[in-house]
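Trainee: Could you help me take a close look at the nonpolar core of this protein? Please begin with a word on disulfides.

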Amino acid sequence: MSRINYDLTLIRGVVFDIDGVLSPSTMPTSPEGKPVRMANVKDGYALQLAVKLGLHVAILTGADCDAIKTRYESLGIHDVYTRACHKAPVLTQWMAEHDLRPEEVAYVGDDIPDYQAMTMVGLSVAPLDAAVDIKAMARYIAPVNGGYGVARDLIEQVLRAQDLWHINDTALIW
């Protein structure tokens, strides 16, 4: 049974911000001063499984970092948009390219740059530690902070609702 008050059988596409969603809000920096993002292994497992099972998954971030593309493309996600300061136009284009209606899309964001994009989809999701304004408008607030299983929580609930979450050969190989 899903904790999300939304018809998850409708979801065909999921979009994730990076900082504060797929990685924690606090991150160390390299000696050169560049952010070093952490990645949650359980999120990674769920993301690659979602792609294999036919969900459209996109990464939409304002960050400018080649490591983001490398990480998420290695999981089978080909729609990785970095340096997207204005997320709404990119989201609109991505939805059109994949013939997705708003009610078929979930967007996971944590801060003000995600606000407009989150209003454009059927299911807006926020991590537990998201900004107050984002939590106030989200349809679902994950029970975990950003970087600690937000993607796993959402994807597992979507796949279970669609009767796709199974322990079988597809699920075991990644």
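**Sulfurs first, then the core**

Mentor: Happily! There are zero disulfides in the structure (a disulfide being a pair of cysteine sulfur atoms within 2.5 Å). Cys-65 has no partner because its sulfur lies 14 Å from the closest cysteine sulfur, in Cys-85, too far for a bond. Cys-85 itself is exposed, at a relative accessible area of 58%.

Keep in mind that this is a predicted model, in which local features need pLDDT of at least 70 and side-chain atom pairs count only at pLDDT 80 or more, while totals for chains, interfaces and linings use all residues. Residues are numbered from 1 along each chain as its sequence is written, and side-chain values use heavy atoms, leaving out hydrogens and water.

Now for the core. The largest nonpolar core (buried Ala, Val, Leu, Ile, Met, Phe, Trp, Tyr and Cys joined through side-chain atoms within 4.5 Å) has 37 residues. Here buried means under 20% relative accessible area and exposed over 50%, with partly exposed in between (1.4 Å probe, protein chains only). Phe-16, Leu-22, Leu-47, Ile-59, Tyr-72, Leu-123 and Leu-154 have the most contacts inside this core.

At least two core residues come from each of β1 (13-16), α1, β2 (56-60), α2 (66-73), β4 (105-108), β5 (123-126) and α6. Of these, α6 gives the largest share, six residues.

Try zooming in on Leu-22. Leaving aside residues up to four places away in sequence, Leu-22 touches Phe-16, Leu-47, Ile-59 and Tyr-72, among others. Its other neighbors include Asp-17, Met-38 and Ala-151. Apart from this core lies another, of 19 residues, among them Ala-84, Ala-117, Met-118 and Ile-134.

How values were computed. Helices (H or I, at least four residues) and strands (E, at least two) are DSSP runs, numbered from the N terminus. Contact means heavy atoms within 4.5 Å.
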